[in-house]
Amino acid sequence: MPQMLRRAIRSDEPLELLALISGLIEATDPRNRNPLDDDAPGPTREELLESFIGTPYAETTGALMVMRSLLQDELSKARINRELAKRRHPMPLWLTRLDDTVAEASMFLLTHVLNDGHDYLLGVTLPTGEGLSALVYVDANMGTAIKDAFVVPQTLDDLVIETGNLLTGPNASLTRTDPADGRAAVERAITLSARLWPPVESDTWPMCRPIVEWMLRHLPEGGYAPEPQEWSA
């Protein structure tokens with residue numbers, strides 16, 4: 001792990017470190033526990049945090065900086081802040097200013113004529129100018145749960161262009177959607193996905209869930225998430 005952290009911190013691509021820490025956070029997420037299994041759970045979030053706090057090296061300083069942004073638990077954030085106040089390891093500028101990340105003003109929605117599912121495309125810009133974008137597929141046939149998602153190191157405009165170039169025929173459309181409504185829809189889909197057992201998994205989901213949730217928190221609140229359509233017999 002120290003070598004992986006060292007390589008990720010030194011990488012020119014911020015997503016390498018973000019994805020690594022996102023995977024660790026996801027692996028210790030209590031939402032992943034089998035509700036039918038009484039055995040002791042695996043490593044906890046508290047144990048992960050303690051392992052980084054208890055080893056005051058540059059690699060764990062970088063990891064703590066990412067965790068501070070990706071985690072939503074205010075107590076954990078406060079604990080990380082107290083620890084980081086003691087450390088003086090030099091870090092990349094994008095990492096020291098990670099909390100200055102801003103969301104792209106637009107959000108896009110890829111829909112299919114049969115409404116089997118929707119792809120939400122959103123993006124953020126890091127304080128040093130790098131773009132990160134996510135594509136989240138919400139499956140309507142699974143009660144609007146998330147079936148797949150991934151994060152890429154490119155701007156939202158580039159992802160939209162690439163996605164649009166893959167569309168053929170009139171059966172799918174890619175349009176702008178209200179960011180607040182998009183946030184509400186994806187956050188509800190994340191909540192529904194966490195209730196499924198066994199969980200729906202892909203090569204990148206739910207390992208990127210902490211990054212996606214962090215990106216969503218940069219979007220406006222107060223949106224409306226439409227209710228799943230109930231079909232008659």
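Start with a cluster of charges: Glu26, Asp29, Arg31, Arg45, Arg209 and Glu213 are joined in a network of salt bridges. Keep in mind that you're looking at a predicted model. Across the structure there are 14 salt bridges, and a few of them are worth walking through. The basic idea is simple: side chains carrying opposite charge can pair up when their charged atoms come close.

Zoom in on Glu26 and Arg209. These two form a salt bridge, with 2.6 Å between the closest N and O atoms. The pair ties together distant parts of the chain, since Glu26 belongs to helix H2 (residues 14–27) and Arg209 to helix H9 (residues 209–216), 183 residues apart. Are the two partners buried or exposed? Glu26 is buried, at a relative accessible area of just 1%, and Arg209 is buried too, at 3%.

Stay in the network and hop over to Asp29 and Arg31. Their side chains meet in a salt bridge at 2.7 Å, N to O. Here the two ends get different labels because the cut-off for buried is under 20%: Asp29 has 8% relative accessibility and counts as buried, whereas Arg31 has 34% and is partly exposed.

Now for another pair, Glu59 and Arg6. Their side chains come together in a salt bridge, 2.8 Å from N to O. This one also links distant parts of the chain: Glu59 sits in helix H4 (residues 58–70) and Arg6 in helix H1 (residues 2–10), with their positions 53 residues apart in numbering. Glu59 is buried at 15% relative accessible area, while Arg6, at 30%, counts as partly exposed.

How values were computed: Residues numbered from 1 in each chain as written. Predicted model: local features only at pLDDT ≥ 70, side-chain atom pairs only at ≥ 80, totals over all residues. Heavy atoms only, no water. Salt bridge = Lys/Arg side-chain N within 4 Å of Asp/Glu carboxyl O. Helix = DSSP H or I, 4+ residues; strand = E, 2+ residues; numbered from the N terminus. Buried < 20%, exposed > 50% of the residue type's maximum accessible area, 1.4 Å probe, protein only.
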